Amino acid sequence: MTDLPGIVITGASGRMGQMLCATVAASEKARLVGAVERSGHPWIGRDLGEVSGGQPNGVIVTDDPLEAFSKAQAVIDFTAPSATVEFARIAAQARCVHVIGTTGFEKAHLDALEPCARHAVIVRAGNMSLGVNLLTQLTRKVAQALDADWDIEVIEAHHNKKVDAPSGTALMLGRAAAEGRGIDLEENTESGRDGITGARKHGAIGFSAIRGGDIVGEHDVLFATAGERIVLRHIATDRAIFARGALKAALWGQDKKPGQYDMMDVLGL
Ligand SMILES: NC(=O)C1=CN([C@@H]2O[C@H](COP(=O)(O)OP(=O)(O)OC[C@H]3O[C@@H](n4cnc5c(N)ncnc54)[C@H](O)[C@@H]3O)[C@@H](O)[C@H]2O)C=CC1
Ligand SMILES: O=C(O)C1=N[C@H](C(=O)O)C[C@H](O)C1
């Protein structure tokens, strides 16, 4: 036994779940103490190390989040919106830091997180990488400096298994652009263009999504006006960047008061 914070990974068999389990297991700053999957998943009841193709590590995959969270100081959760809301309630009960990487939330999901954050620390971000969080700040600054004659478009590309669009990152970038420009994002969003759409609405922030192959995640913020364009770009080539950020957030949250935080808080940006 050590004093290192114990961490549970939900959605342990997922693309991010596997990366997170490996990142926490390899860390000298935390212990991997639990792995959760949905009921009926073939990994339930099996040793995580073995099902991941390595040596047994003594972590048995469970579908009982309360049992897993009660032994932990933090939960890292990259699953699906409805699962994340349920995990937030249980993490609040267990007083665990809840790091949420899940994207695709609707307003009702986000509203449901609020009462949980009265009892536990929640760190939530559509992208946990340092690069994207810096890009978000740059986007806010550039949007602040330019007037509405500069059209803003957020273009994102992801792998063909991604289920939500626009990506959580695209929404983060769009929100930062709207804040920089001093407008409401929801009232000024233009997305899903198809057919005779009419001319672009002046001052709108546009979103386009590409899905294909194994693209990890690419985001452009385009500022276009008559005669010139600026493109701010981030390209992720390895999911380890998200896992490293999530682990950093789980450790950062250990001595914080209950409430909702994001990666800007964690990174001090
Ligand atoms: N914030 C960030 O930096 C990043 C966020 N993401 C987001 O993370 C989420 C997951 O992405 P992927 O790993 O690619 O998806 P995935 O589909 O590979 O994995 C999701 C996992 O969650 C599990 N799951 C679903 N419901 C569950 C439940 N009720 N209980 C336990 N496990 C449950 C599934 O069985 C699956 O193993 C997505 O929303 C994605 O957009 C992905 C990468 C980076
Ligand atoms: O689903 C993914 O893969 C990713 N999701 C996040 C998002 O929705 O922005 C972050 C990253 O781009 C990968």
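1. The domain assignment, which is automatic or from a database, splits the chain of this predicted model into domain 1 (6-124 + 239-267) and domain 2 (130-236). Their C-alpha centres lie 28 Å apart. Each side of the contact is modest to list: 8 residues from domain 1 and 8 residues from domain 2, where contact means C-beta atoms, placed from the backbone, within 7 Å.

2. On the side of domain 1 that touches domain 2, H8 and helix H9 (263-267) each give two or more residues; helices here are DSSP runs of H or I, at least four residues, numbered from the N terminus. H9 supplies the largest share, 3 residues.

3. A friendly pointer to the interior: the largest nonpolar core has 53 residues, and Ile7 and Ala91 touch the most other members. Helix H8 (residues 240-252) gives the most to this core, 8 residues. Such a core joins buried Ala, Val, Leu, Ile, Met, Phe, Trp, Tyr and Cys residues through C-beta atoms within 7 Å, buried meaning 20 or more other C-beta atoms within 10 Å of the residue's own.

4. Beyond four places in sequence, Ala91 is in contact with residues including Phe69, Cys96 and Ala120. A second, separate core of 15 residues includes Val132 and Val221.

5. Ligand 2 is surrounded by residues including Thr103, His158, Lys162 and Thr169, taken as near when the C-beta atom, placed from the backbone, lies within 6 Å.

6. On reading the numbers: residues count from 1 along each chain as written, chains are lettered from A and ligands numbered from 1 in written order. Local features need pLDDT of at least 70, side-chain atom pairs count only at pLDDT 80 or more, and totals for chains, interfaces and linings use all residues.

Key
Buried ≥ 20, exposed ≤ 12 C-beta atoms within 10 Å, placed from the backbone. Contact = placed C-beta atoms within 7 Å.
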